[in-house]
Amino acid sequence: MQFQRALTQGLTACDECHHVVRLTEVSPTQSQRCSRCFSVIHARKPKSISRTWAWVLTGLILLFPANMLPVMTVVYLGNGSPDTIMSGVIHLAEEGMYPIALLVFIASVFVPIVKLVGLITLLVVVQCKLPLSAKQCTYLYRMIEFIGRWSMLDLFMISILVTLVDLGAVASITAGAGATAFASVVVATIFAANTFDPRLIWDLRAPVYDH
Amino acid sequence: MSEPLPNQSLDHDLEEHWAACHDCDLLLPIHDITENRVARCPRCNAVLYRHKKDSMNRTLAFSIAALLFYIPANTLPILSLDILGNTGRNTMLNGVLQLWQQGSWWMAFLVAACSVAMPLLELGLLAGITGHIQSQRYSHWLPKMIKWQHRTSGWAMLEVYLLGIIVAIVKMSELGDLVLGQALVCFVVLLVFTLCALQSFDRHEAWHRCMVLRQRAIAKAIACQ
């Protein structure tokens, strides 16, 4: 079966509405707009590689404070016990709640790392033109896009706990600096996945590619 | 098998004949698919479009139904915890307020966006789009709404919030008397209807209907002159 890239034919799908438009020459000060949704047309997402690198590096740097600083502090009768993400997971496991411990571990520790490693792999594949299966890279990209949102679990849980345990001087739970850093990691990785253009993986192939 | 390729003469009705895969840029002729079938890219398996039965009607119904449950789900207590006679109540809104008061404004902002603002925006946009289409009215807001629905989809994270509630229940059940509030029911109903509305929404058809309405509006404007 013979496959043809849209770009080879001077066509592209609009980023916003996936409407197929013909790319036309425009002066540098102007931009072509989609005839259906009026968005600016780009053949590929603009500056995709550098923007994705920027978000990935941001996420990678913030991953350290997110895991090292306390995400929440339980204060009970004046004694505070700060919890990092990992110590929270360990507490749950010690109390025998293995399924929930595993769930929190996957959502808060495993997923952010997998996302960052996956995105770096994709960026390196595109930049160094590594001969990896384009189809599998696209599956990796789709998985990264899908799992990102589930990392918000920990933040929602903290927002629930701070209101449930609010007994003034007796007991209270406060969100820590680690939670802010972790929230930023989640947002940075979601933006990184959004700015990456999976079509770049397929552009590495010859314009006409026989399958 | 090789597909015929478009040439310049097809340019004016490209949208009728061609699709380009958004993941691998493969050029494909659009085939009409039967109801409840999915068109996938033969090269990378991306979902190009799916034909959903009675999409506009169902999305409108589900999104209005979900909106009815939105206010109780956000303002009534979802969980309350009794420790030594003191009761802590959690509603979706006071969780955000508490974080804000503790100084974690960035977290408060994110939680507010993903669990309160974005779901409302999503439902409002879905109801707005399908309401316009069902009443056969065109306004310049219609393409903007479809575009923004596509942009913001993915930021409404009610299902993740539900998982957060479950983890909180497990964590706190040993500390004191945990009572599940009325809003938990409202929240689950809101979540189910939101997912149903999103599941039944056919963006491909929405764009198609939007274009038909726009052409009709233009023809009418010309006829009036």
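**Close-up 1. A:Val74 faces A:Ser81 across a strand pair.** In this predicted model, A:Val74 has A:Ser81 of E5(A) as its opposite number. The two strands meet here through five bridges: strand E4 (residues 72–76) of chain A and E5(A) run antiparallel. As a reminder for the bench, strands of a sheet pair through backbone hydrogen bonds, in either a parallel or an antiparallel way.

**Close-up 2. The open sheet of chain A.** Step back a little and you will find three strands, ordered E5-E4-E6 (chain A), in an open sheet with antiparallel pairing. Strand E5 (79–83) and strand E6 (171–175) of chain A are at the edges with a single partner strand each, so one side of each has no neighbour in the sheet. On average, and with direction ignored, neighbouring strands of this sheet are turned by 20° against each other.

**Close-up 3. A helix across the strands.** Here helix H5 (residues 153–164) of chain A lies across E4 and E6 of chain A. Helix H5 of chain A runs at about 150° to E6(A).

**Close-up 4. Where chain B touches chain A.** Chain B brings 55 residues to the contact, and chain A brings 54 residues. On the side of chain B that touches chain A, helix H6 (residues 158–172) of chain B gives the largest share, nine residues. That side of chain B is made up of 34 nonpolar, 14 polar and seven charged residues.

**Close-up 5. Two domains in each chain.** Chain A splits into domain 1 (1–43) and domain 2 (47–210), with C-alpha centres 33 Å apart. For chain B, the division is domain 1 (8–50) and domain 2 (55–224), and their C-alpha centres lie 30 Å apart.

Note on methods: Residues numbered from 1 in each chain as written. Chains lettered and ligands numbered in written order. Predicted model: local features only at pLDDT ≥ 70, side-chain atom pairs only at ≥ 80, totals over all residues. Contact = placed C-beta atoms within 7 Å. Helix = DSSP H or I, 4+ residues; strand = E, 2+ residues; numbered from the N terminus. Nonpolar A, V, L, I, M, F, W, Y, C, P; charged D, E, K, R; others polar. Domains from an automatic or database assignment. Pairing = 2+ DSSP bridges. Axes fitted to C-alpha atoms, helices over the stretch in contact; angles between N-to-C directions.
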